[in-house]
2 protein chains.
Amino acid sequence: MKAHIDQIRRFNRAITLRMGTLDDSFLDLGRPFGEARLLYEIGPDGAEIRDLRARMGLDSGYVSRLLRGLERQGLIQTKPSDADGRVRVARLTDAGRAVYADVDRAGDTFAAEVLAPLTAGERTRLVAAMNEVEKLMRTFAIRIGPDCAAGADAQTCLTNYFTEIAARFDDGFDPDLGLATGVADMTPPKGIFLMARLDGKPVGCGALLAEQGGIAHIRRMWVAPDVRGIGLGRRLLDALEDEAAKLGLHTIRLETNKALKEAQEMYRRAGYREVAPFNDERYADHWFEKRRSLKAGPA
Amino acid sequence: MKAHIDQIRRFNRAITLRMGTLDDSFLDLGRPFGEARLLYEIGPDGAEIRDLRARMGLDSGYVSRLLRGLERQGLIQTKPSDADGRVRVARLTDAGRAVYADVDRAGDTFAAEVLAPLTAGERTRLVAAMNEVEKLMRTFAIRIGPDCAAGADAQTCLTNYFTEIAARFDDGFDPDLGLATGVADMTPPKGIFLMARLDGKPVGCGALLAEQGGIAHIRRMWVAPDVRGIGLGRRLLDALEDEAAKLGLHTIRLETNKALKEAQEMYRRAGYREVAPFNDERYADHWFEKRRSLKAGPA
DNA sequence: ATATTTATCTGACTTAAGTCAGATAAATTT
DNA sequence: AAATTTATCTGACTTAAGTCAGATAAATAT
């Protein structure tokens, strides 16, 4: 363990020393970093300012000022969004596109420089190892937290979930026919909606409903196909159980369809045991329950 | 090639996004980043200010100001070096040591967080891949450039070189018995001294002497043992040949001892052919030459 | 229709980070 | 011994980066 931690720290140091500084410097073509980063983030297809702010985690006043600067330099133009008059959209001008291309080219040049001193075999190994690091770090980069069930991202998750189960369940799926779970049920104080995000992008969700008699009811657990197999389902489940604990709920229940074999397997491994049906969800074939006290199951 | 470059850029983005920000944030314990970094750089054993400046690439006035700030907070003390009254040494106080320990612990915590969501197998793979990336990036991080032959780092390289060949040559090595190559010979306009550095630390060297009749004479080529086998010798040789070209020298010569088999192999692969002795270096067994026009040899 | 929320902007700040031109004193070279 | 170099410091700057409190207008909820 200690050796692993040391390797990570060594890696961290080496990489920020090497790529970190170069990542900055390739954006630095004579203009302030923040400005260059914003311009690069706007990209050739343009972007909503609201989006830029969220992605980059910047103060709205600050972004506005940076945009004004880029506008003054003739690199971008902003105009209100067609769909929503409050939202403004930033778009690169021809001059801005030229700067973007410069920055992009500098990035390519830097990457080429990394490869330059290596032999063909070494290049292949480097790229493979980078891919591996990136993939495994993705797991760590996924953040789980409460979210607004009515939000656009949450709705996207739920829609994806419904679409998927409609395809997988033998008799399809119609949300109106199953037991209803509205936004209010997944919002405090009645319940909570957790979302998993990878770099801000939603990649999974799960809801916990607080019911009579100290019972937590888990529904709408979903993991995006491209992040499956890395234990995210289990992490979501753990997070939901933590929420149940916080609410003082001692029993956790959930039901699932027979088509979702992996899910059943996961619930069992997480210490759930199958019980008699506790509701009449028409899409359910298996009902599970776990008492909070007997928190167990092999990792 | 394009795929490789894209993977590197993707890696670069992902890593600076994930580790980069966390590398910063783990130093950020309520104090400015620059200050925290300097404190961390001073470390538990203290450091010469001259050294800190060089390592971190900062302006002397700026460093001075940062040190004054840390001093005011009672985190460090500075005093003149025993060896050289101009140099000052910064040392952590007990309070400083405590802050250092906090920062260090935060770094460990971060590393542990990276590992936390992974299975044992994934952890091993991550650490192995990180090690591979780090090792291969080291090649790219080695920078070759002209250096002062009289400087401390150059002298360190040369001493290491002499020590090594003294051990490897059948009849040992005494620099006073071989052909003399003084600092002046390796300094413009008479010649040039190149050094390879990895993160500032010297890891190799080579000298080029401009001689009568358009001849460039290469001597003192050395690569540190821990960076061998990654093509650094060849890169140094290429760099020296570039210098020869800049000086308009058309013929490159060098001599070597029979014990240095890998070197001879490298020279041959780089397009050098063995010629009759062109000097009476007593430690030489093989003499090589290459005309600049016939730049060739398989990579 | 009115109130609230959301997205953006402006002006007035603060702090961090760094540069540059000397000043000073120790060490080294001539 | 005098001149030069080296290491550090101080004061006077600049620029970047970001925060915060409203103001404004569009969209949405009541």
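**Chains A and B, and DNA strand D**

Okay, let's start where the two protein chains meet: across the interface of chain B and chain A there are 9 salt bridges, counting a side-chain nitrogen of Lys or Arg within 4 Å of a carboxyl oxygen of Asp or Glu. One housekeeping point: this is a predicted model, local features need pLDDT of at least 70, side-chain atom pairs count only at pLDDT 80 or more, and totals for chains, interfaces and linings use all residues. Residues are numbered from 1 along each chain as its sequence is written, chains are lettered from A and ligands numbered from 1 in the order in which they are written, and side-chain values use heavy atoms, with hydrogens and water left out.

Back to the salt bridges. One joins the side chains of Asp108(B) and Lys2(A), at 4.0 Å from N to O.

So which elements give two or more residues to chain B's side? They are H1 (2-27), H2 (33-42), H5 (94-115) and H6 (120-141) of chain B, all helices; helices here are DSSP runs of H or I with at least four residues, numbered from the N terminus. H1(B) brings the largest share, 20 residues.

How many residues are in the contact? Chain B puts in 57 and chain A puts in 57, where contact means heavy atoms within 4.5 Å. Between them the two chains bury about 5600 Å², with 67% of that on carbon and sulfur atoms; buried area is the accessible area (1.4 Å probe) lost when two parts are put together, summed over both. On the chain B side, Arg9(B), Arg18(B) and Phe140(B) lose the most area to chain A, together 13% of what that side buries.

Now over to the DNA. Strand D has 20 residues around it, and Tyr62(A), Gly85(A), Arg50(B), Arg65(B) and Arg68(B) come nearest; to be near, a residue needs a heavy atom within 4 Å of the strand. Which helix gives the most to that surface? That's H4(B), with 5 residues.

What part of the DNA faces the protein? Of the strand D atoms within 4 Å of the protein, 68% belong to sugar or phosphate, and the rest to bases. Looking at single atoms, a side-chain N or O of Arg50(B) is 2.8 Å from a phosphate oxygen. A polar backbone atom of Arg88(B) is 3.1 Å from a phosphate oxygen too. And Ser64(B) has a side-chain N or O 3.3 Å from a sugar or linking oxygen of the strand.

Conventions. Polar contact = N/O pair within 3.5 Å; in protein donor to acceptor, adjacent residues only side chain to side chain.
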